[in-house]
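Open the model in your viewer and keep the selection panel handy. We will go from one chain to the interface and then to a few individual residues.

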Amino acid sequence: MGKIKLKGKAGAATNYIKRNQALKKLQLSLADFRRICILKGIYPREPKNKKKANKGSTAPTTLYYTKDIQYLAHEPVLKKFREHKSFVKKLNRALGKQQLSIAKSLEKNKPVYTLDHIIKERYPTFTDALRDLDDALCMLFLFATLPSTDKIKSETVANCQRLSLEFLHYVIRSHSLRKVFLSIKGIYYQIEIKGQTITWLVPYQFSQQVPDDVDFRVMLTFLEFYQTFVGFVNFKLYTDMNLVYPPKLDISKDDGAAGLNAIIIEVTNFSLATSQVNADKQLEGGALSLEKSSQTINSEERLKTLPKKLAEIKNKDEHAASEITPDSVDNAETEEALMDDFMDQTPVPPTSQEQDVLMQTFTYRDIHSASVALSEFENLFSKCIFYLSREVPRYSLEFIIRAFGGQVGWDATLGVGSPFTESDERITHHIIDRPIIKNQFLARVYVQPQWVYDCINARKLLKTKQYRPGHELPPHMSPFVEHKEGDYEPEMENDFEGMVEETSARSKEQHNQAENDDKDNDADVNEDGSDDDEDDDDDDIDSDDSVNEEEPAVPVLDHDSDYVENETDNEDMVYQMELEAEAAGTPFAKYKENKAKQISDGKFNNSSSSKPRAESGKKRTSKEIEEQEIKELAKIMMTKKQKRLYSKMQYGKKKQEEKVLNLKRKREEINQQKKNAVPISVKDGKKRK
Amino acid sequence: MKRQRDKEETSSDEIISDNIDVDTEDISDEDIEGTISSAMSDCETFDQKEAQVQYEIGANGYPRQIWPEIDPIYESDTSTEEPVNTVGNIPMEWYDDYPHIGYDINGKKIMKPATSDELDKFLNNMEDPDSWLCVKDVLSQQNVKLSEEELEIIRRIQMGAFPDPNYDPYEPTIEWFTSKPEVMPLNATPEPKRRFVPSKWEAKRIMKIVRAIRQGRIVLGKTQTPKPRYYSLWTDNDKPREEHIMQIPAPKIKLPEHDESYNPPAEYLPTDKEKEEWEKMDPEDREKNYLPQKYPCLRAVPAYGRFIQDRFNRCLDLYLAPRMRRNKLNIDPESLLPKLPNPKDLQPFPTSITLSYDAHKGRVREFSIDPSGIWLLSGSDDKTIRMWEITTGRCVKTWDMDEIVHSVAWCPNKDICAFAVAISNKVIIISPPAVCDDETTNLTAQYVASGFNTEKNVEWIKPSTEQGDGFLVIVQHAHNKVIKQITWHRKGDYFATVAPDAGNQGILIHQLSRHQTQQPFRRTKGMVQRVMFHPIKPLFFVATQTFVRIYNLVKQELVKTLQSGVKWISSLDIHSMGDNIIIGSYDKRLCWFDLDLSSRPYKALRFHSKAIRSVAFHKRLPLFASCSDDGTIQIFHGMVYNDLLQNPLIVPVKILKAGHEVVNNLGVLHCEFHPTQPWIISSGADHSLKLWT
């Protein structure tokens with residue numbers, strides 16, 4: 001006969017320990033226990049069977065894993081906690097007795113603990129650390145914006161600011177930013193380092209109201225850990241990129257609210273350092289604040305030849321199946337060139353999309369095109385030079401523009417260190433968040449800040465037309481939503497921009513060359529057909545008009561003018577279409593008919609497509625009924641367990657469907673309203689004529 | 001001799017005193033020097049002492065400091081007079097046998113002084129007027145003359161007064177501590193001595209530090225160089241932690257959706273009603289902790305008020321929320337549905353309503369179809385029995401009864417044209433006139449008209465012609481309980497009646513040809529719900545509330561007990577092959593028993609939303625049906641294979657809805673398949689019968 005097993009001596013009963021038991025075992029106060037749990041990342045568990053773990057009781061208790069608590073017992077930080085406790089006693093006694101010298105010496109020999117070993121313990125590999133960086137960054141960026149109070153020390157805030165700036169610098173240099181999102185809570189950034197996506201939220205830069213119902217002791221314990229954590233991560237990231245850590249802080253710039261520019265990044269490698277000096281010398285006139293390492297220079301060089309190659313790749317992809325390319329010799333050559341190019345390329349961490357590609361069988365060309373696309377995306381703004389007007393959020397825009405290789409300058413009220421002034425002629429985009437613009441420069445495009453964010457999320461430069469100051473902006477979508485089957489998909493209205501108008505004087509020549517390719521590509525890529533092309537043409541003409549006809553720097557004072565401009569845009573379009581119709585020789589009545597049709601077809605495509613579905617929802621076909629019946633019959637044969645599971649699933653599904661339906665209904669209503677409103681505006685346009 | 005001795009004594013005394021004198025002089029000199037020097041400065045003495053330090057080669061070969069001897073400076077002059085005996089307070093007779101009387105401070109023997117004999121003493125006393133003032137000091141063995149003060153003390157002691165004349169026993173008390181409790185108590189005790197002398201322990205502690213400094217353990221004036229705050233914590237060959245089931249990483253924060261945008265598509269904005277609902281909800285119940293909002297431009301976006309709270313909640317979640325691994329089922333719900341053959345392939349089965357037989361004015365409890373499949377007989381609560389032609393729905397004949405008709409059953413023998421009707425405690429055998437041809441009618445009459453016995457339990461009565469049209473026999477039961485069911489043996493000679501309340505007379509088997517009645521069970525276990533004859537074998541099925549018992553009528557023994565697992569069996573039917581039975585129950589279950597497999601149900605199905613009233617097998621086709629109080633009839637394809645290894649196949653093929661109305665929570669009361677066609681007829685509480693084809 002085996003040994004008699006006693007109840008409560010093995011299994012779940014011994015695997016879990018109640019919080020109070022743990023406190024007693026560790027001889028800790030609740031506050032110290034909380035701190036150590038936060039620092040060590042120990043959390044309560046929900047046992048599979050609460051009764052077994054809790055002596056037959058189902059009362060709500062906090063249960064910890066016993067091994068976790070055992071493991072806590074040997075924590076050196078705990079010893080320091082105890083030492084600190086006695087130190088505080090001694091200090092208080094000394095102070096009470098006015099023994100200041102003793103107090104001073106006590107203070108000098110105060111027990112200090114470090115969290116380095118805990119970080120290594122919790123994150124044995126760097127990948128683990130990156131995986132858990134989200135919360136740390138959120139916290140640091142929040143505390144970087146908080147005012148220092150009696151609870152929050154000013155040094156803590158300063159340290160948070162510094163660490164966050166260092167991290168942002170890394171992101172800029174590594175071009176690892178992937179997605180950004182302007183939400184009502186703040187700005188979300190998503191980056192990708194070593195295959196790990198890290199998302200964090202930065203509050204809008206307003207002075208934060210420090211609430212009363214928040215226990216800052218908890219927050220500060222977390223912050224304490226996160227500060228050390230991010231410091232080590234930053235160190236690793238910087239040293240991996242051959243940069244000096246910690247970077248120096250330019251105090252004069254920091255005092256002038258220079259933000260990102262206050263930190264001076266240095267390269268450790270001597271040779272790189274020299275090249276950087278050269279680069280700096282070159283850039284002194286160009287006033288590029290970002291020090292370029294040789295890496296970025298290389299990538300830029302590669303970029304210059306990129307549009308051409310891209311066009312080639314696309315052409316190949318499209319025609320490979322159908323046609324045999326006539327100049328096969330040429331092709332082979334280019335392919336070789338491509339191969340070299342690819343070999344040169346620095347290894348790029350695969351994105352999630354890429355990973356998907358990798359899972360399948362892939363060809364060399366797939367990888368190449370993907371990596372080219374990625375490097376192109378990483379240098380999205382490399383040809384753009386931005387100027388930030390004083391009402392736009394510099395802290396965010398400067399970061400994202402620089403992270404995508406753009407150059408940026410700003411109004412002096414936004415802080416010192418702007419590399420160029422507003423009157424600089426090289427500026428291609430002027431970001432402005434006001435409806436009225438006085439003294440417009442003709443050589444640049446005026447856009448609202450959302451354009452920059454939307455471009456990044458779309459991974460290409462979008463048309464600026466909808467983003468002009470004062471225009472009603474297209475909706476800003478979350479880039480994090482992955483549409484599954486059955487989800488509601490809102491309409492997207494953005495198009496790829498050929499970058500035609502945006503050419504700066506500098507790169508015009510090069511661009512002209514690329515333009516033709518681009519146009520070809522456009523036609524191929526956008527399968528919307530003639531409509532789109534027309535649109536493009538319109539746009540060209542429109543912009544030409546604005547350049548040629550409008551007097552330069554017209555002071556626009558009237559607030560209504562914004563509206564007028566909107567109208568004129570519409571007018572121009574209408575006029576253009578009318579002209580085309582006249583040229584084609586269609587009678588006016590017919591043209592009008594066509595147009596109405598076009599509007600209803602084009603703009604309300606969605607509504608028309610969704611309508612039949614709605615109708616079909618009302619009248620179920622006999623087939624559907626039959627299917628439904630078969631399902632019902634099959635349900636009879638299910639076991640009770642399966643039946644329950646099935647009904648649960650159906651419940652969730654139904655809820656989701658309801659949500660989607662609600663959204664669809666709302667969309668339709670809005671479309672209906674728009675439809676009713678559009679003819680009026682067209683009429684208005686007519687009257688003006 | 002004495003003199004000599006005395007001289008000697010005195011000389012020795014002198015010598016001693018001389019010595020002492022020298023000593024005292026020396027000391028006083030030193031003393032003066034010391035005081036002066038101390039007055040001058042401490043440093044000097046130290047220097048002098050430093051200077052006096054001598055070095056000599058020690059045992060280890062290194063020079064060794066030899067400090068000058070310390071001179072204790074005795075300030076009291078009493079000790080200087082003569083050597084003090086240091087033996088203490090001991091009985092001095094211990095020294096009687098020795099030449100000395102003790103030891104001086106240097107450990108040298110103090111010799112006994114010469115003592116005078118009695119004569120000398122006497123002479124002394126006589127000569128010396130002050131001799132009475134002398135007292136012998138025990139320690140020094142000498143006479144000491146008492147001083148004036150000492151005499152005074154002795155005198156005062158003798159008088160019983162205080163020895164000290166200056167002592168005032170009645171001086172006023174000094175209150176070191178006030179007798180009254182005060183808020184800030186004051187203390188007038190004189191400072192203790194320890195306050196004025198250097199602390200020994202302090203000196204020790206200081207020496208400890210001095211020693212540590214000398215040994216180099218404490219380095220003064222050393223500033224610690226700060227270590228770099230951050231260093232390379234991770235290397236390339238770090239080993240990842242092994243996966244452990246108890247390691248549960250915190251879930252990441254949910255990423256924002258479109259509706260969190262500062263400028264979301266218009267359809268995401270909440271309507272006023274939704275806003276109101278959201279605000280009414282408890283913050284914990286809200287699906288999202290924000291309301292979607294639209295701002296015209298980025299400039300207009302305000303700070304988010306609950307940012308810190310959100311982060312704080314996340315912090316709380318991270319360290320306070322219990323974590324558990326939950327396996328998320330990522331399966332298509334449709335995959336849960338069992339794959340069944342398409343019902344279309346299993347045709348024929350009844351699919352839709354074709355005829356309705358409406359004439360009854362009460363609920364139709366039971367009906368029966370004649371073996372040829374032409375006639376339908378229904379008994380109702382309106383105390384009538386009606387006979388219908390199935391295909392046309394024409395009511396051929398009506399019998400009016402005096403009581404509610406509980407059961408009707410056609411005789412399965414095709415040669416006999418008769419049916420049995422159960423009314424209260426009577427069973428009436430009726431041969432419907434003008435339905436059958438004359439030959440069968442005569443045959444039936446002959447078959448039935450044999451005995452009319454009177455037995456213990458039952459009386460077989462020959463009815464008169466007035467009692468009813470075509471009445472052949474009335475079987476009057478001795479008990480007066482209601483007969484709920486009549487069931488025929490397949491040959492049409494025997495039939496069994498069930499009266500659930502009638503105790504041991506509940507089940508009776510009657511033989512029509514001989515007019516005999518048997519009581520098969522002396523005692524019935526439980527309340528009998530239904531009975532049935534096996535279609536082939538001489539077996540008899542008795543369904544009580546929860547069990548179905550199978551008896552062999554020939555051997556008169558219990559063959560098997562089926563455990564249904566339901567609470568209350570309502571109906572029972574046996575497959576035409578006889579190896580499978582189905583039961584329906586009031587707790588919505590339908591159980592299929594395969595008698596070859598086990599005494600537990602082969603399949604228990606629960607699909608009706610209310611109690612099952614009746615179940616039925618088709619006589620020829622692989623069909624069975626169940627009808628329920630929810631007003632539906634469920635048709636199944638129930639294929640039974642001859643191969644013993646293959647289990648029966650059960651496929652639901654059709655739900656017949658919208659036929660019968662539910663009246664007073666009663667729906668379809670009875671259903672039965674047509675004996676030849678794939679049709680089913682049902683009767684309901686809505687006073688009608690329906691034919692489904």
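Start by selecting chain B and colouring by secondary structure: 8 helices and 35 strands should appear, where helices (H or I, at least four residues) and strands (E, at least two) are DSSP runs numbered from the N terminus. This is a predicted model, in which local features need pLDDT of at least 70 and side-chain atom pairs count only at pLDDT 80 or more, while totals for chains, interfaces and linings use all residues. To match your selections, note that residues are numbered from 1 along each chain as its sequence is written, that chains are lettered from A and ligands numbered from 1 in the order in which they are written, and that side-chain values use heavy atoms, with hydrogens and water left out.

Now put a surface on chain B. Its accessible area comes to about 43,100 Å², with 52% belonging to carbon and sulfur atoms; such areas come from the Shrake-Rupley method with a 1.4 Å probe, and for residues only the protein chains shown count as cover. Of the 693 residues in chain B, 38% count as buried. Here buried means under 20% relative accessible area, exposed over 50%, and partly exposed in between (1.4 Å probe, protein chains only).

**The interface**

Show chain A as well, and select what touches across the two chains. How many residues does each chain give to the contact? Chain B gives 87 residues and chain A gives 108, with contact meaning heavy atoms within 4.5 Å. The area buried between them is about 8,400 Å², and carbon and sulfur atoms give 65% of that; buried area is the accessible area (1.4 Å probe) that two parts lose on being put together, summed over both. On the chain B side, pick B:Tyr230, B:Trp234 and B:Glu267: these lose the most area to chain A, together 11% of what that side buries.

Next, switch on polar interactions. Across the interface there are 38 residue pairs in polar contact, both residues at pLDDT 80 or more. A polar contact is a pair of N or O atoms within 3.5 Å; within protein, one must be able to donate a hydrogen and the other to accept it, and residues adjacent in sequence count only if both atoms are side-chain atoms. Highlight α7 (307-320) of chain B, which gives the most to the side that touches chain A, with 12 residues. The residues of that side divide into 53 nonpolar, 12 polar and 22 charged (Ala, Val, Leu, Ile, Met, Phe, Trp, Tyr, Cys and Pro count as nonpolar, Asp, Glu, Lys and Arg as charged, and the others, Gly among them, as polar).

The two chains also share 13 salt bridges, each a side-chain nitrogen of Lys or Arg within 4 Å of a carboxyl oxygen of Asp or Glu. Zoom in on one of them, B:Glu287 with A:Lys659, where the closest N and O atoms are 2.9 Å apart.

**A buried arginine**

Centre on A:Arg45, in the loop between α3 (30-40) and α4 of chain A. Is this residue buried or exposed? A:Arg45 is buried, at 4% relative accessible area. Its side chain makes a polar contact with the side chain of A:Asp68 (2.8 Å) and reaches the backbone oxygen of B:Met246 at 2.3 Å. Other residues that A:Arg45 touches include A:Tyr16, B:Ile248 and B:Pro322.

**Backbone stops**

Go to A:Tyr245 and A:Pro246, joined by a cis peptide bond with omega about -5 degrees. In chain B, the pair to select is B:Gln347 and B:Pro348, also joined by a cis peptide bond, with omega about 10 degrees; B:Pro348 sits in the loop between α7 and β7 (353-358). Then try A:Lys55, a residue other than glycine with a positive phi near 55 degrees. A:Lys55 is exposed, at 77% relative accessible area.

**Salt bridges to finish**

Over all chains, a search finds 43 salt bridges. Select A:Asp424 and A:Arg426, whose closest N and O atoms are 3.0 Å apart; A:Asp424 is buried at 17%, whereas A:Arg426 is partly exposed at 24%. Last, follow helix α28 (residues 640-688) of chain A to A:Glu669 and A:Arg665, 4 residues apart, or about one helical turn. Their salt bridge has its closest N and O atoms 3.3 Å apart.

Key:
Lists of a residue's contacts leave out its neighbours within four places in sequence.
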